[in-house]
Amino acid sequence: WQRHRAIEAYLNGADEPMRLRRELFDELASEPASAAREASRAQLAGHFAPGALTVADVRSVLADYRRSAPDNVMGRLYSLLKRLETEPMPELFDDPIASWLPPRNDRDRDHGIEISHLLDHALAHAIRGAVGLSASTLWRWVANVRRESWSELKDETVKALNGWLDQGPEREVALFDEILGADDGLGGPWLVGNKYITTTRRLPSDAIVQHLLARVSTNAPGRDRLLAIAVEIAVDGRH
């Protein structure tokens, strides 16, 4: 907390506070990673000039915070979280989090909760703020924020996802097609519908069932599996 106050005092009244924030952020990176260091970097990054915060900045803070020893202190990422809400960064989800964020372990439960909370809000605001967001991009973000394909999405992301789906049944169909396209065909026909349900927390709509049956009627490739998927959804969802 003393470093936190010292940074604010140093920047107060400075001629070029935005430049100094960046310099401090970069200089701190030369120190060994620690929860206290990342708290300071998150504080600085959260107040960068508009457009100055990069994906690399955010990922470095989160990755090193995850690596830091636990200390039972929460709220250190608050400034960075608020920045990602006011200035959404969809590029943060263009790559799987497993490719840049170390895995969670039993020692860092508090850090894991904070990071998950930040990513949840960051993704929700990216979804809500995106103009012309396609189902393929949305599905890529959703898939990338999960460490495992069966991991549940957090609440704010689900709310934003459902807000996007509520714009029309064609969006439900488009997202379902993305999930269907990622299916390797090795699991049971119930698997695709189940993945849609666990992702959106809602049942596949009548429009999705009708879409599947329409594809079956055109002799689309894999029509037997498409029909089996439609039947599973209709039976399970009482369509």
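In this predicted model, the largest pocket has a volume of about 430 Å³. Its lining is made up of 17 residues, and those nearest the centre of the pocket are Ile-97, Ser-116, Val-145, Arg-147 and Lys-154. Helix α6, which spans residues 109-129, contributes the largest share of this lining, with four residues. By class, the lining of the largest pocket comprises seven nonpolar, three polar and seven charged residues.

The second largest pocket has a volume of about 260 Å³. Among the residues that line this pocket are Trp-1, Arg-3 and His-4, together with Ala-36, Ala-39, Ser-40 and Gln-43. The lining also includes Met-74, Gly-75, Arg-76, Tyr-78 and Ser-79. Helices α1 (2-11), α3 and α5 (78-86) each supply at least two lining residues, and α3 gives the most, with four. The lining of the second largest pocket divides into five nonpolar, five polar and two charged residues.

Two aromatic pairs are present in the structure. Phe-25 and Phe-48 form an edge-to-face pair, with a centre-to-centre distance of 5.4 Å and an angle of 75° between the planes. Because Phe-25 belongs to helix α2 (residues 17-28) and Phe-48 to the loop between α3 (35-45) and α4 (55-67), this pair ties together parts that are 23 residues apart in sequence. Both rings belong to buried residues: the relative accessible area is 2% for Phe-25 and 5% for Phe-48. In the other pair, Phe-176 and Tyr-196 adopt a tilted arrangement, 5.8 Å centre to centre and with 55° between the planes. Phe-176 lies in helix α9 (residues 169-181) and Tyr-196 in helix α10 (residues 190-200), so that distant parts of the chain, 20 residues apart, are linked. Phe-176 is buried, with a relative accessible area of 0%, and Tyr-196 is likewise buried, at 0%. Phe-25 has a further contact, in that Arg-41 lies over the face of its ring, at 4.6 Å from the ring centre.

The structure holds 22 salt bridges. In one of them, Asp-57 is paired with Arg-22, the closest N and O atoms being 2.6 Å apart. This salt bridge links distant parts of the chain, with Asp-57 in helix α4 and Arg-22 in helix α2, 35 residues apart. Asp-57 counts as buried, at 8% relative accessibility, whereas Arg-22 counts as partly exposed, at 23%.

A salt bridge is also formed by Arg-83 and Glu-87, whose closest N and O atoms are 3.3 Å apart. Arg-83 is buried, with a relative accessible area of 7%, while Glu-87 is partly exposed, at 24%. The side chains of Arg-140 and Asp-94 meet in a salt bridge of 3.2 Å, N to O. Since Arg-140 lies in helix α7 (residues 135-145) and Asp-94 in the loop between α5 and α6, the pair ties together parts that are 46 residues apart in sequence. Arg-140 counts as partly exposed, at 34% relative accessibility, and Asp-94 is partly exposed as well, with a relative accessible area of 32%.

A network of salt bridges links Arg-37, Glu-38, Arg-41, Asp-64 and Arg-67. Arg-41 thus takes part in this network and also lies over the face of Phe-25.

Note on methods
Residues are numbered from 1 along each chain as its sequence is written. This is a predicted model: local features need pLDDT of at least 70, side-chain atom pairs count only at pLDDT 80 or more; totals for chains, interfaces and linings use all residues. Side-chain values use heavy atoms; hydrogens and water are left out. Rings of Phe, Tyr and Trp (its six-membered ring) pair if their centres lie within 6.5 Å; planes under 30 degrees apart count as stacked, over 60 as edge-to-face and the rest as tilted. Buried means under 20% relative accessible area, exposed over 50%, partly exposed in between (1.4 Å probe, protein chains only). A charge sits over a ring if NZ of Lys or CZ of Arg is within 6 Å of the ring centre and within 35 degrees of the ring normal. On a 1 Å grid over the protein atoms alone, a cavity is a set of points where a 1.4 Å probe fits but cannot get out, and a pocket is an open set with protein on both sides within 12 Å along at least five of seven lines; lining residues have an atom within 4 Å of a point. Grid points are joined across faces, edges and corners, and a volume is the space filled by probe spheres set on the points. Ala, Val, Leu, Ile, Met, Phe, Trp, Tyr, Cys and Pro count as nonpolar, Asp, Glu, Lys and Arg as charged, and the others, Gly among them, as polar. A salt bridge is a side-chain nitrogen of Lys or Arg within 4 Å of a carboxyl oxygen of Asp or Glu.
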